[in-house]
Amino acid sequence: MTVATFSDAPAATRQRPVAPLAAAMLLPIAIVNAIGFLAPVANLFRMSFNEATGGGGLREAVTFANYLAFVMDPFYLELVTRSIGMSLAITLLTLVASYPIALFIHRAPAQWKSLLTIVTVSPLLVSAVVRTYGWMLILGDRGLVNGLLTSAGVIHEPLRLVNNTTGVVIGLVEILMPYMVLSLMAGFGRLDRTYEEAAQSLGAMPWTAFRRVVVPLTLPGIALGCLLCFVLAVSSFITPKLLGGGRVFLLATEIYDQAIVILNWPLAATMSIVILAIFGLALVAYTRVVRLLD
Amino acid sequence: MDIGRNSQGFTLLVGLLFAFLLAPVLFVFPISFSNDPFLAFPPQSWGFKYFAALPRNAVLMSAFRTSLALAATVTALSLALAVPAAYALVRLDFRGRDWLMSLFTAPLLLPSIVLGLAILLVFVRVDLLATYPGLVIAHLVVTLPYALRVIATALGTLPPAIEDAAATLGAPPFTVFRRVTLPMMMPGIVAASALSFLVSFDEVVISLFIVGPKLSTFPVEMFRYVETRTDPLIAAASVILIVATIGIVLVLERSIGVARALGKASQP
């Protein structure tokens with residue numbers, strides 16, 4: 001009770017005029033935010049309406065030509081549909097690969113739980129460059145998979161697992177799995193093993209109990225994980241660039257090429273806005289799904 | 001033996017999925033001990049050739065030194081900016097606190113590829129491209145939200161009653177902060193430091209947009225090396241990075257726990 005009395009009482013520190021003090025404490029972070037975030041984002045938006053004059057030239061204008069290109073030009077239209085389609089497929093595969101891990105950790109005893117959680121999230125602390133490089137070593141023409149299959153006599157020609165969509169999908173599924181497992185575990189709170197046992201004791205087969213009891217209860221976590229992995233997949237750059245070997249064209253890799261190689265900044269800016277629009281749509285879809293679940 | 005209430009078959013499946021999850025990180029270890037001039041498994045000769053070659057690679061070594069100095073600077077500045085900001089946002093009572101918190105953590109919502117391009121287009125106008133201050137500001141944009149969130153969370157879980165007690169007993173506000181608040185926040189500050197350092201040291205996409213021929217970071221040079229050449233040198237570099245990361249993770253785990261730090265920090 002004493003503690004409650006202390007925190008309920010208007011304390012001396014919280015009675016002084018705080019606005020000038022707060023302003024002084026927040027000014028430095030606000031400056032960095034303005035220089036490194038607000039100004040760049042505003043400028044990016046403005047840039048998407050400028051006109052590229054070829055060869056890296058740029059003319060201040062207010063034109064919708066860059067946006068129209070996305071609707072009219074089949075190359076850019078396909079870029080958008082391919083990015084979205086691949087990201088959806090990657091999200092689904094990540095869910096399938098992560099769900100058993102999350103369920104396993106949820107059911108494990110406490111001392112295993114924290115250890116397995118650490119093992120699951122630890123790859124997040126390793127640079128995406130290193131993890132993608134690891135996949136190049138595993139999937140390359142003379143990598144682990146092809147090396148083992150060749151020496152076992154299963155194949156004579158190496159399987160083409162890198163420099164194509166296959167490599168990008170495998171690499172990204174693995175890179176996104178920790179995010180998915182964490183999201184699923186966050187949503188597993190409502191799941192109690194006794195529900196499953198109740199269903200089974202009432203005669204449901206294990207698979208039916210899983211499908212009809214476990215999955216519906218964990219849908220909020222599934223929705224959250226899918227949203228997170230989808231936006232991360234759409235905007236991923238390092239993995240498609242390295243495992244795609246310059247042959248897999250996605251929005252993120254194209255932003256980099258347009259900005260650094262071709263120097264068409266207005267188009268690169270427009271592609272960035274398109275990615276943000278896809279984010280917005282994903283968020284709307286997620287909100288709808290969550291409302292439906294409630 | 002069943003682990004918890006998981007059946008044997010299910011345990012086997014999950015074991016395979018864990019193997020898939022850890023495969024790329026684990027597989028750089030055997031390859032780093034290859035002496036071959038190309039990437040192949042199994043290697044035809046084993047040894048420490050590429051570990052020995054690392055210090056002789058001037059580009060990678062210079063980038064490594066840049067990244068270390070950069071991460072140290074960025075970590076120090078992240079704390080210097082995030083500690084007072086977190087204190088103001090959690091402990092001081094004024095309007096618009098939630099709004100400011102959202103604004104300061106908003107850079108995390110933007111994909112790095114978009115933020116990198118956005119920063120490039122502004123930095124090119126103000127001559128910050130390929131400069132040390134430019135890299136510091138760009139990295140602060142991504143480390144500050146993590147640092148702010150971790151420290152604010154740590155501060156939010158501390159009962160103000162103890163600070164109030166110190167103030168009631170006559171301690172001036174700054175003394176209360178220095179002698180009571182700051183020591184209690186220490187686990188959060190340690191976690192924020194480790195996280196800021198790791199995020200800055202590993203940052204690659206934004207850096208790719210703003211580095212130059214004379215000033216580059218380690219992940220950027222690793223990326224470029226992997227893009228153009230295929231020998232085990234980067235496997236040796238990766239092994240050293242992973243071992244160093246484990247060291248930092250142990251610090252993080254001892255202070256507040258990795259899962260909590262990442263769970264609190266990494267939002268979509």
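This is a short walk through a predicted model with two chains, A and B.

Some housekeeping before we start. Residues count from 1 along each chain as its sequence is written, and chains are lettered from A, with any ligands numbered from 1, in the order in which they are written. Since the model is predicted, local features need pLDDT of at least 70 and side-chain atom pairs count only at pLDDT 80 or more, while totals for chains, interfaces and linings use all residues.

Okay, chain A. Its average pLDDT, the predictor's confidence in each residue on a scale from 0 to 100, is 87, and 94% of the residues score at least 70. The weak spot is residues 1-15 of chain A, where pLDDT stays under 50. The model has 20 contacts beyond four places in sequence for that stretch; a contact here means two C-beta atoms, placed from the backbone, within 7 Å. Where pLDDT is low, the predicted coordinates should not be read in detail.

Chain A has 14 helices and 2 strands. Those are DSSP runs, numbered from the N terminus: H or I over at least four residues for a helix, E over at least two for a strand. The radius of gyration of chain A is 25 Å, well over the 19 Å from the globule rule for 294 residues, so chain A is more spread out than a compact globule. For the record, that radius is taken over C-alpha atoms, and the rule is 2.2 Å times the number of residues to the power 0.38. Along the principal axes, the C-alpha atoms of chain A fill a box of roughly 80 × 70 × 35 Å. And 43% of the 294 residues of chain A count as buried, meaning 20 or more other C-beta atoms within 10 Å of a residue's own; 12 or fewer is exposed, in between is partly exposed, and again the C-beta atoms are placed from the backbone.

Now, what does UniProt say? An unreviewed entry puts "domain: ABC transmembrane type-1" on residues 80-286 of chain A. UniProt positions are in the numbering used here, feature names are shortened, and annotations may be inferred rather than shown by experiment. In the model, that span is 77% helix and 0% strand, with its end C-alpha atoms 20 Å apart. The unreviewed entry also lists transmembrane regions in chain A, including residues 83-103 and 213-239. Residues 83-103 of chain A come out 100% helix, with the end C-alpha atoms 30 Å apart, and residues 213-239 of chain A are 89% helix, ends 36 Å apart. Chain B has such entries too, among them 12-33 and 68-90. Residues 12-33 of chain B are 95% helix; residues 68-90 of chain B are 100% helix.

So how do the chains meet? 80 residues of chain A are in contact with 82 residues of chain B. On the chain A side, helix α2, residues 19-47, gives the largest share, 18 residues. That side of chain A divides into 59 nonpolar, 15 polar and 6 charged residues. Nonpolar is Ala, Val, Leu, Ile, Met, Phe, Trp, Tyr, Cys and Pro; charged is Asp, Glu, Lys and Arg; the others, Gly among them, are polar.

The largest nonpolar core has 163 residues, and L176(A) and A82(B) are among those with the most contacts inside it. A core is a set of buried Ala, Val, Leu, Ile, Met, Phe, Trp, Tyr and Cys residues joined through C-beta atoms within 7 Å. Beyond four places in sequence, A82(B) touches I29(A), plus chain B residues including L144(B) and I151(B).

Here's a spot I like: helix α13 of chain A, residues 251-261. Its buried residues include L251(A), I255(A) and Q258(A). The buried residues of α13(A) pack against parts of both chains, including α4 of chain A and α5 of chain B. Just after α13(A) comes L263(A), with a positive phi of about 60 degrees, although L263(A) is not a glycine. L263(A) is partly exposed, with 16 other C-beta atoms within 10 Å.

Chain B has a similar entry for your list: D127(B), with phi near 60 degrees and not a glycine either. D127(B) sits in the loop between α5 and α6 of chain B and is exposed, with 9 other C-beta atoms within 10 Å.

Last one: the peptide bond from F41(B) to P42(B) is cis, omega near -5 degrees. P42(B) is in the loop between α1 and α2 of chain B.
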